[in-house]
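Here are my notes on this one, set out as numbered points. Have a look at the structure first, then read on.

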Amino acid sequence: MADDRAPAPRPRSVLPPVLHDQPIRARGRDLVRVADLDERGVAEVRTDDHGVLAVGIRPDGTPFAVGNTCRHQLAKLGRGRVTENGCLQCPWHRSEFDVTDGSMVSGPKGVIFGFPPYSAVVAAVGRAVPLTTAQVEIVDGVIRLAH
Ligand code: FES
């Protein structure tokens, strides 16, 4: 029997990362099936009570849900990826976030925005104003809001 929760496969977006890319629609507290996450380990999920969240799973199997907007230049974090050390990396200038508390652990990278003093200031702001976090759990293979 087909699972009607499975999203249709879609091509990689060509939209700039400051825009949502067709977020998955949550069903009540059910956000996304773990099996539906691709190799990036995170997806955008539109919820009724929390707006669009970046929802994913760390390499150790821990699920997470955090605010979807980067503290640097507003890229959508659900379009990024989960790193080997379990951080959420922005899809634009690769700042990294600790998904347990929403803080930015490293600032933007690259020739322009990776300029060390600038990147350090952005990271300090990202620590002072962390992403929102929502408590989640995995129930029957689905990442679900805990309450
Ligand atoms: S928008 Fe996220 S690091 Fe620049």
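1. Start with the inventory. This is a predicted model, and its protein chain carries 11 strands and 1 helix. Walking along the sequence, you get β-β-β-β-β-β-β-β-β-α-β-β, so the helix turns up after strand 9 and ahead of the last two strands.

2. Next, overall dimensions. The radius of gyration comes out at 15 Å, close to the 15 Å that the globule rule gives for 147 residues, so the chain is as compact as a globular protein of that length. If you want a box for it, the C-alpha atoms fill roughly 55 × 30 × 25 Å along the principal axes.

3. On packing, buried residues account for 37% of the 147 in the protein chain. The cut-off here is 20 or more other C-beta atoms within 10 Å of a residue's own. As for contacts, take the ones between residues at least 6 apart in sequence: 43% of these join residues at least 24 apart.

4. Now the sheet I'd look at. Which strands make it up, and in what order? Four strands form an open sheet, ordered 6-7-8-9, with antiparallel pairing. Its edges are strand 6 and strand 9 (104-106), each of which pairs on one side only. In general, strands of a sheet pair through backbone hydrogen bonds, either parallel or antiparallel.

5. Zooming in on one edge of that sheet: strand 6 and strand 7 run antiparallel and are joined by 2 bridges. For a residue-level landmark, find Arg81 and look across to strand 7, where Gln89 stands opposite.

6. Two backbone torsions deserve a look. Most residues other than glycine have a negative phi. Leu74 is not a glycine, yet its phi is positive, at about 70 degrees. You'll find Leu74 in the loop that links strand 5 (63-67) to strand 6 (81-82). Is Leu74 buried or exposed? Neither label quite fits: Leu74 counts as partly exposed because it has 14 C-beta neighbours inside 10 Å.

7. The other torsion belongs to Arg94, also a residue other than glycine, with a positive phi near 65 degrees. Arg94 sits in the loop between strand 7 (88-89) and strand 8 (96-97), and those two strands both belong to the open sheet from point 4. Its 19 C-beta neighbours inside 10 Å mean that Arg94 counts as partly exposed; a residue needs 20 or more to be called buried.

Notes:
Residues are numbered from 1 along each chain as its sequence is written. This is a predicted model: local features need pLDDT of at least 70, side-chain atom pairs count only at pLDDT 80 or more; totals for chains, interfaces and linings use all residues. The radius of gyration is taken over C-alpha atoms; the globule rule is 2.2 Å times the number of residues to the power 0.38. A residue is buried if 20 or more other C-beta atoms lie within 10 Å of its own, exposed if 12 or fewer, and partly exposed in between; C-beta atoms are placed from the backbone. Two residues are in contact if their C-beta atoms, placed from the backbone, lie within 7 Å. Two strands pair if DSSP finds at least two bridges between them.
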